[in-house]
Amino acid sequence: MAAAAGGADGPLDAPARRIGDKARWYLPAAVGADFIGAAVPVGLVFDAAQQARPGYCALGAAVAWVGVQALRRRYATRALGESRGVLPVVHDWLILIGVLAVARVITGESTPRLAALGALLPTLLVTVARHKLTYRHLFAARREAQAVSRVLVVGEPAAAEHVIAHLAARTDHPYVVVGVLPVGPGSLDGGVPVAGRLTSRMTGTPGGDSAAVLGAVRSHHADLVLVVPGARIAGERLRRVAWALHDEGLELAVFPGLVEVSVKRLETLSAGGLAVLRVAPPVRRGAQALLKAVLDRVAAAAGLLLLSPLFLALVLAIRLGSRGPAFYSQRRIGRDGVPFVMWKFRTMVVDADLLKSELSGANENDGLMFKMRRDPRVTRVGRLLRRTSLDELPQLLNVLTGSMSLVGPRPPLPEEVAEYDEVELRRLTVRPGMTGLWQISGRSDLSWDETIQLDLQYVDNWSFTSDVDVMGRTLRAVVDGRGAY
């Protein structure tokens with residue numbers, strides 16, 4: 001066994017430079033914003049309602065709100081700045097309402113219920129805004145290599161290199177690999193400094209592996225050791241490394257070999273002393289599927305009814321802008337490979353499909369889709385409709401009839417599906433959607449591989465709450481217009 005390269009002096013808990021720590025103002029700013037966001041509106045509303053003790057009510061609401069979030073571990077260092085979803089905040093807010101409803105009964109507080117509920121609404125909005133602002137600051141800091149976790153990867157060369165490459169290709173995580181400690185022979189071409197090398201098998205020398213790992217942590221100032229288990233690093237050997245790291249107050253993480261599996265589907269179990277990771281199957285039926293179907297139909301019907309004046313205005317604009325029908329129908333492939341007719345507002349000239357072959361050499365997408373930033377077939381009105389995504393509103397008819405959903409993978413063309421491999425065909429196991437992860441992540445700016453990965457991520461990890469979150473984030477994507485052409 002070889003020792004870690006470049007051994008360093010100094011205590012493990014005080015490396016030369018800590019860039020893994022988040023800004024110190026995150027916690028006081030979060031607690032302060034939540035406290036004030038609850039206390040001020042409750043105090044003002046209760047004072048206006050001539051409640052006898054508005055100050056005490058405001059203090060109680062603020063303490064309850066901060067307490068709920070503290071118990072839910074929203075102020076933990078790991079959580080601060082990481083969440084950008086609205087649903088977790090709404091969940092906490094509903095718990096707050098339950099807590100205050102019990103307090104209301106106990107104290108005999110008599111403020112009108114609607115006024116009391118309205119006083120708590122700013123609490124929700126302030127906390128959501130606080131999450132957004134903190135996330136943006138943290139994202140900007142990580143672009144400057146700040147507030148990241150310095151990671152030392154330990155594992156067999158091929159497996160370690162795979163994990164390093166995967167982390168390097170993504171930006172939606174805080175991990176920066178600063179070194180690798182390969183186990184056994186084999187070369188590494190990932191460009192990450194090699195911190196030493198462990199032998200293929202555990203030796204009889206006491207603490208041999210542990211000394212090498214701890215030495216690598218010192219020399220590279222790592223915050224976290226990420227182990228990629230394999231035949232050469234598992235079982236008793238991994239256990240001893242874990243003991244050494246934990247005795248020094250260092251973190252250990254183990255990569256289970258799973259990719260694009262939501263943590264909501266994972267459950268840790270113990271079987272005879274063995275740590276087992278259970279992976280729940282994707283949701284396909286049950287209450288959540290029923291809720292999705294009901295939401296699709298109700299929202300589509302309501303949307304068609306409420307947007308009918310807008311539909312009429314767009315029909316007139318399209319007909320006046322260029323010759324041809326206002327609507328455009330196209331054959332797409334739906335769930336389980338069943339074809340259907342998808343409806344859109346026409347954004348191109350009437351013979352656009354015939355001209356597509358002439359423009360094949362100008363395709364800017366690296367996969368099976370055809371995309372051009374300045375497609376000459378797009379009309380002047382059509383360019384505006386695409387920029388605002390208004391051209392997709394007629395798909396509400398497809399949602400109402402059940403061939404599409406509000407949220408799902410992008411509906412593919414038959415010629416695209418004909419070229420699909422086994423992995424890509426999996427995206428057809430659910431209904432295509434009007435919006436999805438692909439739309440809120442960049443739309444046409446995404447590569448083909450990124451589009452497929454987002455669709456597969458949705459197929460395998462779908463839930464009703466994730467659909468609600470995607471629909472909420474779609475509005476921002478539409479307003480932003482990024483990738484819409």
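Start by selecting strand 3 and look at its two faces: L224, L226 and V228 sit on one side, V225 and V227 on the other, and all of them are buried, so both faces are covered. Keep in mind that you're looking at a predicted model. The side-chain split is the usual pattern, as side chains in a regular strand alternate between the two faces of the sheet. Colour residues 224-228 by burial and five of the five come up buried, so strand 3 is largely enclosed by the rest of the structure.

Next, add the neighbours. Bring in strand 1, residues 149-155, which pairs with strand 3 in the parallel sense over five bridges. For a landmark, pick V151 and look across to L224 in strand 3, which stands opposite. Now show strand 4, residues 251-254: this one also runs parallel to strand 3, with four bridges. Here the pair to click is V227 and its bridge partner V254 in strand 4.

Now leave the strands and select helix 1 (residues 26-48) together with helix 4 (residues 113-143). Their axes lie 8 Å apart and the packing angle is about 160°. Since angles over 145 degrees count as roughly antiparallel, that makes helix 1 roughly antiparallel to helix 4. The crossing of helix 1 over helix 4 is right-handed.

To see what fills the contact, show side chains. On helix 1, try Y26, A30, G37, P41 and F46, among others; on helix 4, the contact residues include A115, L120, P122, R130, H137 and L138. Colour by class and the contact between helix 1 and helix 4 splits into 15 nonpolar, five polar and two charged residues. D34 of helix 1 and R130 of helix 4 are both in that contact, too.

How values were computed:
Residues are numbered from 1 along each chain as its sequence is written. This is a predicted model: local features need pLDDT of at least 70, side-chain atom pairs count only at pLDDT 80 or more; totals for chains, interfaces and linings use all residues. Side-chain values use heavy atoms; hydrogens and water are left out. Axes are lines fitted to C-alpha atoms, for helices over the stretch in contact, and angles run from 0 to 180 degrees between N-to-C directions. Angles under 35 degrees count as roughly parallel, over 145 as roughly antiparallel, 65 to 115 as roughly perpendicular and the rest as oblique. A crossing is left-handed if the near helix is turned anticlockwise from the far one by less than a right angle, and right-handed if clockwise. Contact means heavy atoms within 4.5 Å. Ala, Val, Leu, Ile, Met, Phe, Trp, Tyr, Cys and Pro count as nonpolar, Asp, Glu, Lys and Arg as charged, and the others, Gly among them, as polar. Buried means under 20% relative accessible area, exposed over 50%, partly exposed in between (1.4 Å probe, protein chains only). Two strands pair if DSSP finds at least two bridges between them.
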